[in-house]
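Trainee: Could you take one part of this model and go through it closely with me? I'd like to start from a single spot and work outwards.

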Amino acid sequence: MYSKLLLVYALVVVVLCGTTHGEKKCKPILNYMCKFLSQKGYGITNMTKDAYRASIGRIEEFLPLFHLKCANEISPFICANYLTLCKNDRIKTIRPCRSLCEKSRAGCEPLMRKYSFRWPFACSQYPSESDGECFKFSDVNNESSFKPENKTQKKHQVEGQISGTVGSTLIMECAEGYVVDVQNVTHSNSECCDKLSKGILTNFCHNKSTCKFQNSESTFGAHCKGKIGTVKVEYKCKKTSNKKKSC
């Protein structure tokens, strides 16, 4: 009897685990800098929100090279390096190939040196194409490469995030027809209450497409007890309602 119960339990575990695994999918790339990879069936594995934001932040550091196109391979390489790429609903992460790094370096390193920057990647640490599956330039083509963003779209499609030290002036901006919607306020090295500060900014930025404020007691009030510290504000751009009120 006991052995039969164990067998039933094992079957239930297998079914449940299999179902959970099957629900995982290779998610589409939405950020404009790397969205071109989606045209070839690439996506990203499950990343936490913080990890995704950190990766996007690192990719943005190389945006000038994307625009200059010092190498055809630079945008595919940087995107593949910082995002956990996968393909066709396969959860296995695909790393960039060594050749992708080497060609990117050959094209962009001279330009970076001109402005006193060094190439930050050790290409020898990436797998070669003969070592197995890796992301290479032939997996994409010149037509599916980085295209500059539409700045008007970015302001209401991508979550905004700003931060500043005590006394600094911060600006949250949205495109015409969109208003600032404060999502979260976080203080560090201060006595400020995050929830109270969020309420203050929510009221201050109400129905504004551009919200400018100073990280000081004049903005956040006496609840900070004179210790302001650093503030980080996360916001979205919310579409305004153009409906006119009837008399």
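Mentor: Sure, let's start with tyrosine 42, which is buried, as is phenylalanine 135 (buried means under 20% relative accessible area, exposed over 50% and partly exposed in between, with a 1.4 Å probe and protein chains only). Keep in mind that this is a predicted model, where local features need pLDDT of at least 70 and side-chain atom pairs count only at pLDDT 80 or more, while totals for chains, interfaces and linings use all residues. Residues are numbered from 1 along each chain as its sequence is written, and side-chain values use heavy atoms, leaving out hydrogens and water.

Now the rings. Phe, Tyr and Trp rings (the six-membered one for Trp) pair if their centres lie within 6.5 Å; planes under 30 degrees apart count as stacked, over 60 as edge-to-face and the rest as tilted. That rule gives nine aromatic pairs. One of them joins tyrosine 42 and phenylalanine 135 edge-to-face, with 5.0 Å from centre to centre and 90° between the planes. Tyrosine 42 sits in strand β1 (residues 42-44) and phenylalanine 135 in the loop between α5 (98-114) and α6 (151-157), so the pair ties together parts that are 93 residues apart in sequence. Those labels come from DSSP runs: helices are H or I with at least four residues, strands are E with at least two, numbered from the N terminus.

There's an aromatic cluster to look at as well, made up of Phe62, Phe77, Tyr82, Trp119, Phe121 and Tyr126. And if you're after a charge over a ring (NZ of Lys or CZ of Arg within 6 Å of the ring centre and within 35 degrees of the ring normal), lysine 208 lies over the face of phenylalanine 204, 4.0 Å from the ring centre.

Moving out to the strands, two of them pair if DSSP finds at least two bridges between them. Strand β4 (residues 169-173) and strand β6 (residues 210-214) run antiparallel and are joined by five bridges; in β6, phenylalanine 213 is the bridge partner of leucine 170. Leu170 and Met172 make up the covered face of β4, while Thr169, Ile171 and Glu173 are on the uncovered one. In a regular strand the side chains alternate between the two faces of the sheet.

Elsewhere you'll find an open sheet of three strands, ordered β3-β7-β5 and paired antiparallel. Its edge strands, β3 (160-164) and β5 (178-188), each pair on one side only. β5 is joined to strand β7 (residues 230-239) by 10 bridges, with tyrosine 235 in β7 as the bridge partner of valine 182.
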